[in-house]
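User: I'm new to reading protein models and would love to go through one step by step. Could you help me with some questions?

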Amino acid sequence: MKNLATAAALALSALLTNAVAQSSIGGATCSPTLTAKSAAPSVADGYVARLVANGLTKPRGIKFDSQGALLVVESGVGITALSLVDAGQNCLSVGSKRTVISNPDLNHGIELSTNGSTLYASTSDVLYSWEYSPQSQTNTSQPRVLINQMAGTDHTTRTLVLSKHVPGMIVVARGSTSNLDLQAEDLSSGISQVKAFNLNNMTEPYTYTNDGLLLGWGLRNEVGIAEEPITGAIYGVENSVDELERSGQDIHQDNPGEELNFLGYLNGTATPGQGGQGVNYGYPSCFSAWNAADVPDFTGQTGQQFAIGDQNSTVNDTICASLQAPRLVFQAHMAPLDILFNEQGTAAWVTFHGSWDRTDPVGYKLSVIEFANGEPVQPSNSTTAAIDIVSNADNSKCPGGCFRPVGLAWDSQGRLFMSSDATGEIFVVLRADGNSTQSVGSNATGTLPDQAASSSGTGTAASGSATPSSVASVGGMSVLAVLFGVLAFLV
């Protein structure tokens with residue numbers, strides 16, 4: 001019995017040592033210095049989500065400068081710089097906050113030049129640039145107007161992406177002015193379009209309607225835009241229509257799907273059979289099926305396009321099938337607002353802001369999509385391509401009692417940061433094993449949880465910054481309890 005007790009004690013000691021060692025890696029729990037506005041998020045196995053900042057005013061787009069400050073668009077306020085303090089073991093907090101740009105019309109879009117000395121941001125009508133000093137966290141010039149005449153109602157964000165494959169080109173998205181905006185049928189309107197503009201040779205401000213390289217039209221509200229880092233492919237995530245009817249039936253609960261669209265390449269690479277640059281994606285007449293079985297008189301499948309309302313000679317499923325379909329679709333009304341690739345091009349992270357137009361709320365989460373060779377691994381009719389990593393534990397409390405993800409940004413260490421406008425918060429998403437979140441994807445075995453694991457929410461949610469906890473996981477605690485029981489019996 002004594003030998004058994006000694007062996008159990010040694011095993012307990014080894015387990016405790018291992019647990020403490022694990023807790024001091026990326027999965028360490030930091031002492032609570034901040035309190036989340038809503039319930040702690042549910043996190044997929046192998047990941048950690050921590051609250052880094054709160055008390056912000058509708059934080060939307062975010063971007064790290066070259067000195068490590070997090071620039072945040074506070075909608076209705078302007079741009080602020082958060083200097084982060086790392087107490088070790090990825091325990092982060094805000095050391096200081098500084099106003100960079102005071103402009104209440106800035107509402108979402110933000111970018112930085114490759115050398116970090118030019119800051120870009122947008123209102124609903126104008127794209128501005130400023131000379132920026134990351135050392136002092138200040139703008140050092142008056143605003144310069146780069147693009148104007150983008151004003152509109154309803155969808156007023158203007159997402160910005162600077163190309164790394166074609167330096168000097170900036171991609172700007174402009175959404176519709178209403179739920180079903182018939183102006184979008186007119187290519188010359190500049191509405192519901194994504195365009196790219198050359199900043200290298202401009203001599204005067206561009207007008208969005210008349211200028212720029214058209215990447216796609218018939219795109220209702222392509223809020224999230226990103227450049228795939230290996231091939232330079234441009235992808236966007238689209239918020240599709242609300243209150244949809246077909247043949248007199250209300251089908252809006254599960255249709256149409258939100259979309260991931262391939263928008264071609266800025267370097268002119270041809271995309272035969274894939275659509276791409278400058279083509280029509282269907283809005284406001286054609287939409288993509290999520291639950292195809294609920295669409296009356298439709299013989300297509302998930303991801304294929306169908307016509308709205310009553311079919312006729314000018315709006316019908318045959319015509320819609322000839323337009324550009326999305327590369328992937330997601331559950332209706334989840335409202336994707338950002339997409340961000342890792343540097344290896346093996347994963348695209350997408351924020352889903354969450355629904356308002358559905359009986360049972362959906363979205364309110366951060367998901368990841370596996371990529372390889374410049375495109376999603378899953379086929380276009382997949383319903384499982386987006387794997388949930390961070391989500392609200394109880395969507396029935398949404399939107400009022402939930403965080404609502406918006407912007408995404410990588411820091412220099414490959415940690416993923418996420419804003420929540422509804423709660424005024426910034427979270428950081430980490431790998432529990434201490435590896436970079438950037439490593440997630442098809443070239444990194446075991447870094448993507450399966451759907452069952454991601455929905456189980458067995459990861460770690462925490463807030464604040466400071467010391468690691470003494471035990472790494474609930475699983476470790478259950479083993480400890482067994483060993484304590486064995487010791488008690490033997491002694």
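User: Is strand 16 (residues 213-217) largely enclosed or largely open?
Analyst: Keep in mind that this is a predicted model. A residue counts as buried when its relative accessible area is under 20%. In strand 16, 4 of the 5 residues are buried, so the rest of the structure leaves the strand largely enclosed.

User: Which residue in strand 16 stands opposite Val194?
Analyst: Val194 falls within strand 14, which covers residues 193-198. Strand 14 and strand 16 run antiparallel and are joined by 4 bridges. Opposite Val194, in strand 16, stands Gly216.

User: Which residue in strand 22 stands opposite Gly216?
Analyst: Strand 22 takes in residues 279-280 and runs parallel to strand 16, with 2 bridges joining them. One of the matches here is Trp217 with Asn280. For Gly216, the residue standing opposite is Val279.

User: Which strands stand at the edges of the open sheet with the order 12-13-14-16-22?
Analyst: This sheet has 5 strands, and its pairing is mixed. An edge strand has a single partner strand, so one of its sides is left without a neighbour in the sheet. That description fits strand 12 (160-162) and strand 22.

User: What is the average twist from one strand to the next in the open sheet of 4 strands?
Analyst: That sheet has the order 3-4-5-6 and antiparallel pairing. Strand 3 (59-64) and strand 6 (92-102) each have a single partner strand, so they stand at the edges. From one strand to the next, the twist averages 25 degrees.

User: Which residue in strand 5 is the bridge partner of Leu71?
Analyst: Leu71 belongs to strand 4, which spans residues 70-74. Strand 4 runs antiparallel to strand 5 (residues 78-86), and 5 bridges join them. The bridge partner of Leu71 in strand 5 is Ala81.

User: Does Glu74 count as buried or exposed?
Analyst: You can find Glu74 in strand 4. Leaving out residues up to four places away in sequence, Glu74 touches Leu56, Thr57, Lys58, Pro59, Thr80, Lys97 and Leu106. Its relative accessibility is 2%, and the cut-off is under 20%, so Glu74 counts as buried.

User: How much space lies in the largest cavity?
Analyst: Rolling a probe the size of a water molecule over the atoms shows where empty space is left. Counting cavities of 30 Å³ or more gives 1 cavity. The lining of the largest cavity includes Gly218, Arg220, Tyr281 and Phe287. The space in this cavity comes to about 40 Å³.

User: What share of the contacts with a separation of 6 or more joins residues 24 or more positions apart?
Analyst: Let's step back to the whole chain, whose secondary structure comes to 4 helices and 34 strands. Here a contact means heavy atoms within 4.5 Å. Among contacts with a separation of 6 or more, the share from residues 24 or more positions apart is 60%.

User: What percentage of the accessible surface belongs to carbon and sulfur atoms?
Analyst: The chain has 491 residues, and 57% of them count as buried. Its accessible surface comes to about 19400 Å². The part belonging to carbon and sulfur atoms is 50%.

Definitions and conventions
Residues numbered from 1 in each chain as written. Predicted model: local features only at pLDDT ≥ 70, side-chain atom pairs only at ≥ 80, totals over all residues. Heavy atoms only, no water. Buried < 20%, exposed > 50% of the residue type's maximum accessible area, 1.4 Å probe, protein only. Areas by Shrake-Rupley, 256 points an atom, 1.4 Å probe, with all protein chains shown as cover. Pairing = 2+ DSSP bridges. Axes fitted to C-alpha atoms, helices over the stretch in contact; angles between N-to-C directions. 1 Å grid on protein atoms, 1.4 Å probe; cavity = no way out; pocket = protein on both sides within 12 Å on 5 of 7 lines; lining within 4 Å. Points joined across faces, edges and corners; volume = space filled by probe spheres on them.
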